[in-house]
Structure formats: C-alpha cells, structure tokens
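Welcome, and thanks for taking a look at this one with us. Please have the sequence and the 3D view open side by side as you read.

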There are 2 protein chains.
Amino acid sequence: VNTSLLLQEIAEQPGVVARMLTTQVAHITQIADAIRAANPRFVVIAARGTSDNAARYAQYLFGSHNGMTTALATPSLYTADLRTPQPAANGQLQPSLRDALVIGISQSGQSPDIVAVLHAARRDGALSIAITNDADSPLAQAATHVIALGAGEERSVAATKTYTAQLTALAMLSSCWRLGALDPALAALPAAVQAALAAEPAARTAAQALAPAERCVVLGRGFHYATAFEAALKIKELTYLLAEPYSSADFKHGPMALIEGGFPVIVVAAGAAFKSEFDALRDLLAERGATVVALHDAANPARANEHTIALPEALPDWLSPIASIIPAQLMAYHLAHARGHNPDAPRTISKVTLTR
Amino acid sequence: VNTSLLLQEIAEQPGVVARMLTTQVAHITQIADAIRAANPRFVVIAARGTSDNAARYAQYLFGSHNGMTTALATPSLYTADLRTPQPAANGQLQPSLRDALVIGISQSGQSPDIVAVLHAARRDGALSIAITNDADSPLAQAATHVIALGAGEERSVAATKTYTAQLTALAMLSSCWRLGALDPALAALPAAVQAALAAEPAARTAAQALAPAERCVVLGRGFHYATAFEAALKIKELTYLLAEPYSSADFKHGPMALIEGGFPVIVVAAGAAFKSEFDALRDLLAERGATVVALHDAANPARANEHTIALPEALPDWLSPIASIIPAQLMAYHLAHARGHNPDAPRTISKVTLTR
C-alpha cells in the first residue's frame, strides 16, 4: 500500500483539473467580463514560492494571448518603506496600481505581503482577483473577485495539486478574457494530466541518474519557463539538491560556463517555437558531456545520449505546462527516495509561510 | 604587476561612476522632463544577464521612489509567436506597451530580442530609453533617448564597470524624475565606490572559505535583491560554482530545506528595513551550522560565526548597491583563483550574446 501523501496528491490532479473546468466556468466567465469592462493597461501578479511559478506561466500566457504586459509584483514595496531618509511628512510611497489588473495567487491566502498588494489595488481603484485554495482567507477577503481552487486540503508540504489548479484557473481566465468563453482545447486537459502520470517509470529512471548530484540546472523557455522554475523548486524542497532554474536564453549570458562533463542539466524541451534553440543547446550539452534529462515532446524528439521523459501530446503549447509539471513532480518524488529522504516531511519548511 | 583585465576594470569603477555623474546630468535631467510629460502608467525594462540585474535594482528604486510598478520584460514575447494554432489572418500578438515607459539595458546594445522590445515601444507610442555602452548600437538607434554609459571598452567577459555604470544611470534617472535634479546624496558615490575596493582582503578570505564548495545560495532583499543576483552571476561565470540567488523572503518558501551543516550561504545583510528578517535568518543559519559569508553594513553588525565583509557606510540604502557589488566582484575574482581558474577567460561564454 502506498501511503505517501505527496504521491496521493500528485495522483489527484486529473480530478482537480476536471473539477475546476466544470464548476468554475460560469464564475470565471463573469470575472472576464468585468476585466474587459475595466480595460486594464497592464497586469500585476503578487505571489511567492510555487504560486510565483504559476505567475510566471501567466506572464507568457497573458502576454501572448491577451496582449498584456504582466509584471510580477515586488511585494516588499507594499509593506516596507525603502526610502532613506524617510520623509517625515507623508506616508509610504507605493507603486501605483491605477489601470492595472491585480491578481494575488496563494494556496493558503495568508501571506501578509501578498494581501498588502491586494489592499493597494483597492486603494488605487484597480480590479483584483484572488486565486486561492481558501475562499475565506485574508487574500480572498481583500479581492474584488475570488477564484477558489477547490483542490481539497493539500497536506503535503510540497505543493502539487494546487499548482496545477492555479495554472488551470489562469488558463480559463485568459481564455474567457480573450474569447468570452472557454477555448475548446481546454477540454483535453483532464485526460492529458491523467496521461502524464504514466511517465512515472521514466521519471524514476531519470531520478536514479540524478541521485548522486549535489547541484543541477533546469532550463526552459516560453510557457515552460514556469515548468523549469517549478521543477527546480520541487527538487530543492524534496531532495536538498540545489537546482537552479534558468531561461535557456539567459543561460547563455554567463551560467553556461558551469557546464562540464557530468554536470546534470534538466531541459524542458517542449513546443515548436524554440526548437532550433533547444537543438543547439542539446548539441552543446552533448558535446560537453553533460548528464542530460530531457522532458520532451514530439517536436523535440528524444536523443540517445539523454535520459528522456516523454510529455503528453494532446495539448497545445499554451496548455502544456499543466500536464508537463507532473513528470517533474514524480521525478522529484523518486529523487527524494533515491537520496534517502522522506518526501512527505521536508525539513525546515512549513506549509504556510508568512512573509512581510 | 597585476595583469588581470578583470581586476583592472573593477578598479576603474570609481572613475566610471564619477564620470557618469558629471557628464550625463544635463542630458538625464532632460530625459526625466520628457518622462514627466509622457506621464507613463508603468515601466517595462528589457535586459538579460548582468543588465537584467540592473533592471532588478530599478524595480525597487522606481517602485519605492517614483511610485511606478516596474515589469521585467519577457523579451521572447516580442520575437516568437507562442500561440498554437497560430491564427492565419493576423500578425503576432505582442504585449501592449501603451502608456508604458520602456527601458532597454544592454552593455553591447546588440541583442535582437531586447531591440525588439524597443521597436514595440515605438509601435505603441511609448517613450523609450536605451542604457548602453555603445551609443551607435541597434538598441540606441531604436530608442527615443539614449544614456551612454561611457565606461570605456569592457574587455573582460564578466561585466563589472558597465553594471555599476548602469546602476548609476538608473539612480540618476530616478532622482531627476522625482526631484527634477540630482539628489545631493549621489555626490557621495565615487568615494563610496572607491572605499569599497578596500574590502579586498576580507573578500579574499571569504573566497578561501567558499573555495571547496560545489554550490551555494546568495540571499538579499529590497535594493540588494539585485546585489544577490549579480554576485551569484559573477560567481557562476568566473568560478563554475553553482550559486543560486534568492530573495530571503522566497527562500523560506521551500529552498530553506537545503540548509544543513556546512552549506555555504552568502547573505547581503544591508539596510535597516529588513534587519529583523536578516537577524532571524542569520540565527537560523547559525543554528544549522551553515557556512555563512555576510556582506553587512552597520545596521546589520558582524557576527563571530560568520565570514564577514563590511560594506561602505556613506550611502543611503537606495544607493548602496552601487558600491556593495564591488566586494562581491572581488570575492568572485579571488574565488576563481582559489579554484584554479583564469578569471579573464571564462569558458564557453562570449561577451556579446545574441538571443532571439
């Protein structure tokens, strides 16, 4: 009997995604109508940790499908006055959110600095949305609209099902904002997420290859910049291996110097848009003898010198991250085991982090 | 005779900063007038590598001193159409830059994706500024206004003097935008940058402590979030040690699990605003037996269990990053030597990186 909470919650994801699609569509359509009426000039998203990786997905999604510049908020600017000397006469100067759509993303909805950004949105008359697993949380109470994830209690310290639920909420919101309704492509999501669970044997094999490492880098681009960040975060949380995420474009600006024989590199080689870049990168990694784990799709075929994990094919690129994170979650789970750690009880960290 | 190009360019920084202050003030004052006339709603900065770390500094500076939400651009959204299937009828959908102030930062001014963001600014009628060491570069030609760094040719692959020149340009711009003139505090910059060079012995000692490591994390917050990123990038470029930068706030969301006895952590503990947070962090790191290098100021005093590097005191927090990066540059230089690498010739990377 498998008693891992983490593995149970990973397996719940097809159901969580299916439930979001059916129960939230009417509500999200209404929120999208309100966004169009507000006609924002830009989007600001406040989030930390795993939720910040969902925000990275939204940056590319809103940018490419909704034509919106999307900023990741710097929450401390809403809680700390960084001016020196501080002016005696007036209160804290905060970044203006006038004409912005402001979105707060948080599993717990508790973090004071994220809530502070939503309060600033209200002060500046900006429309705001809370995406949270707790519809009664301070974050939900501070927002104009709430999208409840309905993922059920997440008992593992490492977030999995709330991440895929957050991405699904963002994909639904983008679609309804763009089309006034769900894009039909979303209907394929639950089956694709289910299919992604079949990557477990390949994920386990890749985990064995990574087990002796002390550090690795995780590369992705476009929509899968988020996948690279979230895969790296799961690895750090669960396996204590230092995994640094990078855009494969930024990686060329210096960090490429790291790569030598045996250096472990995880590449999320997915989507046709960056195929030639991924090809050149994988050529270089092979030439330098790096230990490569490639999460790849049909557009970026498996290579003999790599440990490969095939990603589900049924989704367009903009939805692919919702299924593609699952093999990475499974890899992190097996890597924890291979390194002798209990994935249900990571040391030092707690489920709800209150940052100010 | 010291023949290291890198060390020569590190030592040139007081002069570079002093020259920026005297030669560019009239020009930057005019640009600031144009910004006020344009009345932007938000700022978008396009940059990669070291220049992107200058953009991180600007996020906090414009947010706290100019009341502006500042987004780091996702340049690939201006060069690649990420929609699938791609609509047959219309061209690429790009994030709107209407009502934005758009700033491109690049030492060389060559990178096509950064130039593409400035072209999009022109298309959308947005005011744009190029901050570059080459006033004839494609980036400069695409912008409404150009701030030339005048740092002289940077021959080292690892950027140093162009980074401090970029920060100085941004600090001058923020000041002129806010006050219509340079803040008198800027006058202390050249001497503070000169004083920072005196940290070399402490930086060398800290480098010895880090030399055996295979990975480390670099923590900072607020204005020094940029310092943490740039210190980590210098270490990766020059020493092939995997150095991951983190906001000390985000670090609590998972990555804290990494820390065990002997894990190397570099903390940029500077500024009064986050002193209580740094105190708690340093307590925890001591408890876990981490190997800590603290770049600290008077507000965050040295601790006996840490390798400490004192930062110059003459600057307000918002200018501190311009001097505080210098001990980190020196530490990376000595770390390269201690690990047997030539800091003037990092492997695999080149000075001008053309990303699309």
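Here is a short briefing on the model, grouped by topic.

This is a predicted model, with an ipTM of 0.94 and a pTM of 0.96. Chain A and chain B bury about 6300 Å² between them, and a rotation of 180 degrees superposes chain A on chain B.

**Confidence**

- The average pLDDT of chain A is 94, and 96% of its residues score at least 70.
- As a general reminder, predicted coordinates should not be read in detail where pLDDT is low.

**How the two chains are related**

- The rotation of 180 degrees comes with 0.0 Å of shift along its axis, and the RMSD is 0.0 Å. That is the relation of a two-fold axis.
- If you would like to find the axis in your viewer, start from Ala71(A): its C-alpha lies 2.2 Å from the axis, the closest approach of any residue of chain A.
- The copies meet through the same surface, because 100% of the interface residues of chain A are also interface residues in chain B.

**The interface**

- On each side 75 residues take part, with 75 of chain A in contact with 75 of chain B.
- Of the buried area of about 6300 Å², 57% is on carbon and sulfur atoms.
- The chains are linked by 6 salt bridges. One to look up is the salt bridge of Glu214(B) with Arg215(A), where the closest N and O atoms are 3.4 Å apart.
- There are also 14 residue pairs in polar contact across the interface, both residues being at pLDDT 80 or more.
- Several elements of chain A give two or more residues to the side that touches chain B, including strand 1 (42-46), helix 4 (50-65), strand 6 (215-220) and helix 10 (224-239).
- Strand 7 of chain A provides the largest share of that side, with 6 residues.
- By residue class, the side of chain A that touches chain B holds 36 nonpolar, 20 polar and 19 charged residues.

**Backbone details worth a visit**

- Most residues other than glycine have a negative phi, and most peptide bonds are trans. The next points depart from that pattern.
- Thr84(A) and Pro85(A) are joined by a cis peptide bond, with omega about -10 degrees. Pro85(A) sits in the loop between strand 2 and strand 3 (100-106) of chain A.
- In chain B, a cis peptide bond joins Thr84(B) to Pro85(B), with omega about -15 degrees. The loop between strand 2 (70-72) and strand 3 (100-106) of chain B contains Pro85(B).
- Asp99(A) has a positive phi, near 70 degrees, and belongs to the loop between strand 2 and strand 3 of chain A.

Terms used. Residues numbered from 1 in each chain as written. Chains lettered and ligands numbered in written order. Predicted model: local features only at pLDDT ≥ 70, side-chain atom pairs only at ≥ 80, totals over all residues. Heavy atoms only, no water. Contact = heavy atoms within 4.5 Å. Buried area = accessible area lost by both parts, 1.4 Å probe. Salt bridge = Lys/Arg side-chain N within 4 Å of Asp/Glu carboxyl O. Polar contact = N/O pair within 3.5 Å; in protein donor to acceptor, adjacent residues only side chain to side chain. Helix = DSSP H or I, 4+ residues; strand = E, 2+ residues; numbered from the N terminus. Nonpolar A, V, L, I, M, F, W, Y, C, P; charged D, E, K, R; others polar. Least-squares fit on C-alpha atoms with pLDDT ≥ 70 in both. pLDDT = per-residue confidence, 0-100.
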